[in-house]
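User: I am new to reading structures. Please take me through this one and show the reasoning behind each label.

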Amino acid sequence: MSQTEQPNRVAIELDEKDYAILRLLQDNAKLTVREIASRIHLSTTPTHERIKRLEQLQVIRQYVALVDNRKVNRKVMVICQVALKEHDKQTAHAFVSGIIGFKEVVECYNVSGDYDFMLKILAESIESYHDFFINYLGEVKGIQKAKSVFVMDIIKDSHEVV
């Protein structure tokens, strides 16, 4: 999906077996079709067809490994709220284009309220975040103000949607 494209927001018709498959894969994406089929009480062929359908409809967008950022030396998590100088398509596009390639920015949301964007940023240290904030984020065109909130502890970290 391109930076300016909106995701397909049409609801997909799913039944209880589809939801069961999704719950199992959210918990462990390495399960085999045979293991999933056994747990949802279907044979492997219809289970495989359901999984392929969920992938084709992009209900399942991708399979990933969840990495503990602290164990790979990205110990500082920052929520950075950004307000733009102008609220037009060109300024927003320039901002998104500016931050999309930063490896430190792991999530970016367009939000309402006093700020326009919310970034989840991972850094090795306070010093490396400061360097990123001044020398990289600070150079992105169109930013009026930014506010950094340092995450002290993670209380809930779930990727389960269903």
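## Labels and the reasons for them

Analyst: Start with S38. S38 counts as exposed, at 52% relative accessibility. The residue lies in helix α2, residues 33-40. Keep in mind that this is a predicted model.

User: Why is S38 called exposed?

Analyst: The label exposed needs over 50% relative accessible area. S38 has 52%, so S38 passes that cut-off.

User: What separates S38 from Q90?

Analyst: They are 52 residues apart along the chain, and their C-alpha atoms are separated by 52 Å.

User: Why is I12 called partly exposed?

Analyst: Partly exposed covers the range between 20% and 50%. I12 has a relative accessibility of 31%, so I12 belongs in that range. I12 lies in the segment before α1 (16-27).

User: How far apart are I12 and L57 in sequence and in space?

Analyst: In sequence, I12 and L57 are 45 residues apart. In space, their C-alpha atoms are 8.0 Å apart.

User: How do you know where the domains are?

Analyst: The domain assignment gives domain 1 as 16-57 and domain 2 as 69-150. The centres of domain 1 and domain 2, taken over C-alpha atoms, are separated by 37 Å.

User: What does UniProt place at residues 14-75?

Analyst: The unreviewed UniProt entry places the feature "domain: HTH asnC-type" there. In the model, residues 14-75 are 53% helix and 0% strand. The end C-alpha atoms of that stretch are 39 Å apart.

User: What makes the contact between R23 and E16 a salt bridge?

Analyst: A salt bridge needs a side-chain nitrogen of Lys or Arg within 4 Å of a carboxyl oxygen of Asp or Glu. For R23 and E16, the N to O distance is 2.7 Å. That value is within the cut-off, so the pair counts. In general, side chains of opposite charge can pair when their charged atoms come close.

User: Are R23 and E16 buried or exposed?

Analyst: E16 is exposed, with a relative accessible area of 53%. R23 is partly exposed, at 37%. The 37% of R23 lies between the cut-offs of 20% and 50%, so "exposed" does not apply to R23.

User: How do you know that D68 and R70 form a salt bridge?

Analyst: Their closest N and O atoms are 3.1 Å apart. The limit is 4 Å, so the pair qualifies. D68 is partly exposed, with 26% relative accessible area. R70 is partly exposed too, with 46%.

User: Where is D131, and how far is its C-alpha atom from that of D68?

Analyst: D131 is in helix α5, residues 126-135. The C-alpha atoms of D131 and D68 are separated by 23 Å, and the two are 63 residues apart along the chain. D131 counts as partly exposed, at 37% relative accessibility.

User: What makes E107 and K120 a salt bridge?

Analyst: Their side chains meet at 3.3 Å, N to O. That is within 4 Å, so the definition is met. The pair links distant parts of the chain: E107 is in strand β2 (residues 105-110) and K120 in strand β3 (residues 117-123), 13 residues apart. E107 is partly exposed, with a relative accessible area of 25%.

User: How many salt bridges are there in the whole structure?

Analyst: The search finds 8. There is also a network of salt bridges linking D15, D18, R50 and R53.

User: Which residues line the second largest pocket?

Analyst: The lining includes E107 and K120, along with M77, Y109 and V151. Also among the lining residues are D153, I154 and K156. About 250 Å³ of space lies in this pocket. Its lining divides into 4 nonpolar, 2 polar and 5 charged residues.

User: Why is Y109 of this lining counted as nonpolar?

Analyst: The scheme used here puts Tyr in the nonpolar class, so Y109 is counted there.

User: What is notable about the phi of Q58 and of N73?

Analyst: Q58 has a positive phi of about 60°, although it is not a glycine. N73 also has a positive phi of about 60° and is not a glycine. Most residues other than glycine have a negative phi. Q58 is found in the loop between α3 (44-56) and β1 (76-84). N73 is found in the loop between α3 and β1 as well.

User: Why do Q58 and N73 get their exposure labels?

Analyst: Q58 has a relative accessible area of 59%, which is over 50%, so Q58 is exposed. N73 has 36%, between 20% and 50%, so N73 is partly exposed.

How values were computed. Residues numbered from 1 in each chain as written. Predicted model: local features only at pLDDT ≥ 70, side-chain atom pairs only at ≥ 80, totals over all residues. Heavy atoms only, no water. Domains from an automatic or database assignment. 1 Å grid on protein atoms, 1.4 Å probe; cavity = no way out; pocket = protein on both sides within 12 Å on 5 of 7 lines; lining within 4 Å. Points joined across faces, edges and corners; volume = space filled by probe spheres on them. UniProt positions renumbered as here; feature names shortened; annotations may be inferred. Helix = DSSP H or I, 4+ residues; strand = E, 2+ residues; numbered from the N terminus. Buried < 20%, exposed > 50% of the residue type's maximum accessible area, 1.4 Å probe, protein only.
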